[in-house]
Amino acid sequence: EQESEDDIHSSRSSLDRQSHHRANTTMHVCWYRNTSVSMTDHSVAVENQLSGYLLRKFKNSNGWQKLWVVFTNFCLFFYKTHQDDYPLASLPLLGYTVSSPVEADGIQKDYVFKLQFKSHVYFFRAESKYTFER
């Protein structure tokens with residue numbers, strides 16, 4: 001799979017198709033990524049949700065796209081605004097690591113974090129220290 005700007009701009013019809021085969025369920029992602037989730041982690045995940053604006057960097061671009069992001073049930077859901085009814089895209093996070101960018105990543109901004117699973121790398125930037133720490 002290659003990341004592209006189309007990932008965030010996927011059509012609603014593709015989201016409808018995706019929901020039919022339930023590719024983003026915890027069970028499916030655990031099986032596909034050969035990982036497991038403890039009952040404690042699952043209990044905490046279903047009781048907690050975090051949302052707010054983040055800036056997402058595209059791999060081959062210097063630009064950042066501002067998105068409303070909801071983190072729930074081990075998954076990030078991306079919306080254009082907080083008023084949208086349907087997400088533009090989603091990213092199941094099981095198996096991903098969270099770290100700070102390294103010098104080789106070439107990102108010279110504050111409040112940036114890196115999500116990585118194998119060759120899939122995503123950079124997100126918060127607009128404040130408070131948001132970054134959340």
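Strands S1 and S7 run antiparallel and are joined by 3 bridges, with Lys57 standing opposite Phe123 in S7. Strands here are DSSP runs of E with at least two residues, helices are runs of H or I with at least four, and both are numbered from the N terminus; two strands pair if DSSP finds at least two bridges between them. Keep in mind that this is a predicted model, where local features need pLDDT of at least 70, side-chain atom pairs count only at pLDDT 80 or more, and totals for chains, interfaces and linings use all residues. Residues are numbered from 1 along each chain as its sequence is written, and side-chain values use heavy atoms, with hydrogens and water left out.

On to the other pairings of S7 and the sheet around it. S6 also runs antiparallel to S7, through 6 bridges, and Val112 stands opposite Arg125 in S7. S6 and S7 make a hairpin with 2 residues between them, and Lys118 in that turn has a positive phi of about 55 degrees. The whole sheet is open, with 7 strands in the order S4-S3-S2-S1-S7-S6-S5 and antiparallel pairing. Its edge strands, S4 (89–92) and S5 (97–99), each pair on one side only. At the S4 end, Phe78 has Ala89 as its bridge partner.

| Strand pair | Bridges |
|---|---|
| S1 and S7 | 3 bridges |
| S6 and S7 | 6 bridges |
| S3 and S4 | 4 bridges |

So how well hidden is S7, buried or exposed? Because 6 of the 6 residues of S7 are buried (under 20% relative accessible area, with exposed over 50% and partly exposed in between, using a 1.4 Å probe on protein chains only), S7 is largely enclosed by the rest of the structure. Both faces are covered: His120, Tyr122 and Phe124 are buried on one side, and Val121, Phe123 and Arg125 on the other. In a regular strand, side chains alternate between the two faces of the sheet.

Phe124 turns up again in the largest nonpolar core, a group of 15 residues where Leu76, Phe78, Leu91, Tyr96, Leu115 and Phe124 have the most contacts inside it. Such a core is a set of buried Ala, Val, Leu, Ile, Met, Phe, Trp, Tyr and Cys residues joined through side-chain atoms within 4.5 Å. Strands S2 (64–72), S3, S4, S6 (112–117) and S7 (120–125) each give two or more residues to this core, and the largest share, 3 residues, comes from S6.
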